[in-house]
Amino acid sequence: MKETPLIEVKGLQKSFTIKKGWFGVTKHLKAVDGITFAIRKGETFSLVGESGCGKSTTGRLITRLLKPNGGEVWFNGHNISDYTDNQMRPLRKDMQMVFQDPYASLNPRMKVKELVAEPLLIHTKLGTKERDKLAHELLETVGLSSFHAERYAHEFSGGQRQRIGIARALSVRPSLIVADEPVSALDVSIQSQVLNLLQDLQEEYGLTYLFISHDLSVVEHISDRIGVMYLGTLVETAEKDVLYDRPLHPYTQALLSSVPVPDPSLKKERIILKGDLPSPVDPPSGCRFHTRCPSCMEICKVKEPVFKEAEPGHQVACHLYDEEIMRTAK
Ligand code: SF4
């Protein structure tokens with residue numbers, strides 16, 4: 001029997017109402033527009049794409065920090081899309097977030113031991129002594145020392161603060177961690193340390209990760225599968241190796257062409273995308289990527305491609321892989 005995925009997202013939608021111009025005309029910004037994917041237990045699924053593509057909103061919808069406008073979020077076999085705050089409360093400890101800016105997400109007036117133990121205070125009945133003991137242990141687990149427990153967040157470097165954020169997320173033994181750009185504010189040398197730590201913890205605690213990043217070179221080592229987002233939609237999902245070896249969508253190909261390769265003798269041609277990212281308030285007709293796509297055809301301007309399987313386990317939304325459309329386009 002197939003194991004139930006930890007997360008299933010079906011046609012998920014989220015739009016925000018914004019007012020524009022002198023007369024305050026109301027517009028709708030479609031941040032996430034009908035995306036579908038699943039995350040298996042114990043795997044790392046990464047969402048990548050340019051800033052504003054909807055990946056962080058997706059993370060917040062899955063953890064129900066935001067309520068969807070449409071579609072469904074299933075957690076461990078339960079549809080939580082319409083759960084009230086009361087229904088969500090017992091689930092909150094099972095899904096924790098690690099944020100990009102650890103400093104902004106850590107209260108500067110709290111000692112590190114209080115920061116790490118705060119989720120335990122909210123979600124468990126443990127007393128102060130037990131919480132302190134666990135906080136000391138967690139600091140050691142993430143590579144800090146228990147003597148750091150009495151200090152404040154501003155006394156630490158960016159990488160150490162991210163370790164505190166991870167210890168805090170781990171404290172309640174979640175099954176899912178949504179890590180939203182967890183290393184983008186860190187130096188490259190520190191990035192790999194934090195990524196290695198996340199991988200070690202995943203193995204030790206059987207964690208499932210939704211990893212959000214704008215950078216395909218960061219997600220390469222940590223991901224099992226990757227989803228590429230563009231203007232609120234998923235354009236491609238595949239196993240990590242398949243995506244890096246055989247990207248199908250022209251947007252994924254362009255993103256990958258800008259990832260540096262360690263061997264300078266392996267020259268690759270960089271695909272420069274024309275134009276800026278269009279506004280999600282007024283996305284282009286047909287395929288949203290058509291205004292920047294080097295392979296754009298006439299049909300792309302009017303017909304939206306369907307997100308479907310191009311080969312087993314590899315989905316793409318592009319007319320180039322739709323046999324019927326390509327037959328009539330010839
Ligand atoms: Fe490019 Fe057309 Fe494919 Fe969109 S559908 S990515 S415009 S080829």
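**Exercise 1. Leucine 231**

Determine in which loop leucine 231 lies, whether leucine 231 is buried or exposed, and what sign its phi has.

*Solution.*
Step 1. In this predicted model, leucine 231 belongs to the loop that joins strand 9 (225-230) to strand 10 (233-239).
Step 2. The relative accessible area of leucine 231 is 2%. The cut-off for a buried residue is under 20%, so leucine 231 is buried.
Step 3. The phi angle of leucine 231 is near 45 degrees, a positive value in a residue other than glycine.

**Exercise 2. Glutamate 181**

Locate glutamate 181, classify its accessibility, and list what it is in contact with.

*Solution.*
Step 1. Glutamate 181 is found in the loop between strand 7 (176-180) and helix 6 (188-205).
Step 2. With a relative accessible area of 10%, glutamate 181 falls under the 20% limit and is therefore buried.
Step 3. Its backbone has a positive phi of about 50 degrees, although glutamate 181 is not a glycine.
Step 4. The side chain of glutamate 181 forms a polar contact with the side chain of serine 184, at 3.0 Å.
Step 5. When neighbours within four places in sequence are left aside, the residues in contact with glutamate 181 are Lys55, Gln100, Ile212, Ser213 and His214.

**Exercise 3. Proline 90**

State which helix holds proline 90, whether proline 90 is buried or exposed, and how far proline 90 is from leucine 197 in sequence and in space.

*Solution.*
Step 1. Proline 90 is placed in helix 2, which covers residues 85-92.
Step 2. The relative accessibility of proline 90 is 61%. Exposed requires over 50%, so proline 90 counts as exposed.
Step 3. Proline 90 and leucine 197 are 107 residues apart in sequence, and their C-alpha atoms are 27 Å apart in space.

**Exercise 4. The loop between helix 9 and strand 11**

Describe glutamate 298, lysine 274 and glycine 286, each of which is located in this loop.

*Solution.*
Step 1. The loop containing glutamate 298 runs between helix 9 (250-257) and strand 11 (308-311). Lysine 274 lies in the loop between these two elements, and so does glycine 286.
Step 2. Glutamate 298 has a relative accessible area of 60%, which is over 50%, and is therefore exposed. From C-alpha to C-alpha, glutamate 298 is 61 Å from histidine 148, with their positions 150 residues apart in sequence.
Step 3. Glycine 286 has a relative accessible area of 13%, which is under 20%, and is therefore buried.
Step 4. Beyond residues within four places in sequence, glycine 286 is in contact with Cys300, Lys301, Val302, Lys303, Glu304 and Pro305. The C-alpha atoms of glycine 286 and isoleucine 177 are separated by 35 Å, at 109 residues along the chain.
Step 5. Lysine 274 touches Thr291, Arg292 and Cys293, not counting residues up to four places away in sequence. The C-alpha separation between lysine 274 and proline 294, 20 residues apart along the chain, is 8.4 Å.

**Exercise 5. The ligand site**

Identify where the ligand sits, which residues surround it, and how they divide by class.

*Solution.*
Step 1. The ligand occupies the largest cavity.
Step 2. The residues that surround the ligand are His249, Pro250, Cys287, Phe289, His290, Cys293, Ser295, Cys300, Pro305, Cys318, His319 and Leu320.
Step 3. Sorted by class, this shell has eight nonpolar residues, four polar residues and no charged residues.
Step 4. Cys293, listed around the ligand, is also touched by lysine 274. Cys300 and Pro305, likewise listed there, are in contact with glycine 286.

Note on methods. Residues numbered from 1 in each chain as written. Predicted model: local features only at pLDDT ≥ 70, side-chain atom pairs only at ≥ 80, totals over all residues. Heavy atoms only, no water. Near = heavy atom within 4 Å. 1 Å grid on protein atoms, 1.4 Å probe; cavity = no way out; pocket = protein on both sides within 12 Å on 5 of 7 lines; lining within 4 Å. Sits in = over half its atoms within 2 Å of the grid points. Nonpolar A, V, L, I, M, F, W, Y, C, P; charged D, E, K, R; others polar. Helix = DSSP H or I, 4+ residues; strand = E, 2+ residues; numbered from the N terminus. Buried < 20%, exposed > 50% of the residue type's maximum accessible area, 1.4 Å probe, protein only. Polar contact = N/O pair within 3.5 Å; in protein donor to acceptor, adjacent residues only side chain to side chain. Contact = heavy atoms within 4.5 Å.
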